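Student: I've got a protein open on my screen and I'd like to learn how to read its fold. Can we go through it together?

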Amino acid sequence: MIYLNIYVQCSERIIYVEIYVGDILQMKKSHVCKSNTMKVLRVGADFRLECEKCGHIFMIARSKCEKNIKSVIHKEK
Ligand SMILES: [Zn+2]
């Protein structure tokens with residue numbers, strides 16, 4: 001899967017975004033290293049994300065990830 005459409009709650013509004021592999025997600029909750037930007041490595045039922053600062057890679061359920069996204073920064077095409 002190359003991209004996924006998801007709904008994100010963004011300051012009182014629900015917005016519909018496309019998340020592509022390689023995009024950067026700005027999360028509401030920060031990682032333990034204090035960074036809140038994560039690179040998308042895989043999308044699907046689970047997302048595989050890489051912390052931009054410390055490089056930690058982890059899996060997160062899509063529903064959990066949706067709730068935690070603040071904004072999406074699309075990679076340059
Ligand atoms: Zn980190």
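**Walking through the fold**

Tutor: Sure, and keep in mind that this is a predicted model. To start, take contacts between residues at least 6 apart in sequence: 33% of them join residues at least 24 apart.

Student: Okay, so which pattern does the protein follow along the sequence?

Tutor: The parts to place are 1 helix and 7 strands. Read along the sequence, they give β-β-β-β-β-β-α-β.

Student: And why can we call the protein as compact as a globular protein of that length?

Tutor: The globule rule gives 11 Å for 77 residues. The protein comes close to that, so it counts as that compact, with a radius of gyration of 11 Å.

Student: Which strands are the edge strands of the open sheet?

Tutor: The open sheet has 5 strands, paired antiparallel, in the order 6-5-4-3-7. An edge strand pairs on one side only, which leaves strand 6 and strand 7.

Student: What is the bridge partner of Ile24 in strand 7?

Tutor: Strand 3 covers residues 24–27 and pairs with strand 7 over 4 bridges, in the antiparallel sense. Ile24 is bridged there to Ile73.

Student: Now the hairpin: which residue in the turn has a positive phi?

Tutor: Strand 5 (residues 46–51) and strand 6 (residues 57–61) run antiparallel, joined by 5 bridges. One bridge pairs Asp46 with Ala61. Between the two strands lie 5 residues, and the one in the turn with a positive phi, about 80°, is Gly55.

Note on methods. Residues are numbered from 1 along each chain as its sequence is written. This is a predicted model: local features need pLDDT of at least 70, side-chain atom pairs count only at pLDDT 80 or more; totals for chains, interfaces and linings use all residues. Two strands pair if DSSP finds at least two bridges between them. The radius of gyration is taken over C-alpha atoms; the globule rule is 2.2 Å times the number of residues to the power 0.38. Two residues are in contact if their C-beta atoms, placed from the backbone, lie within 7 Å.
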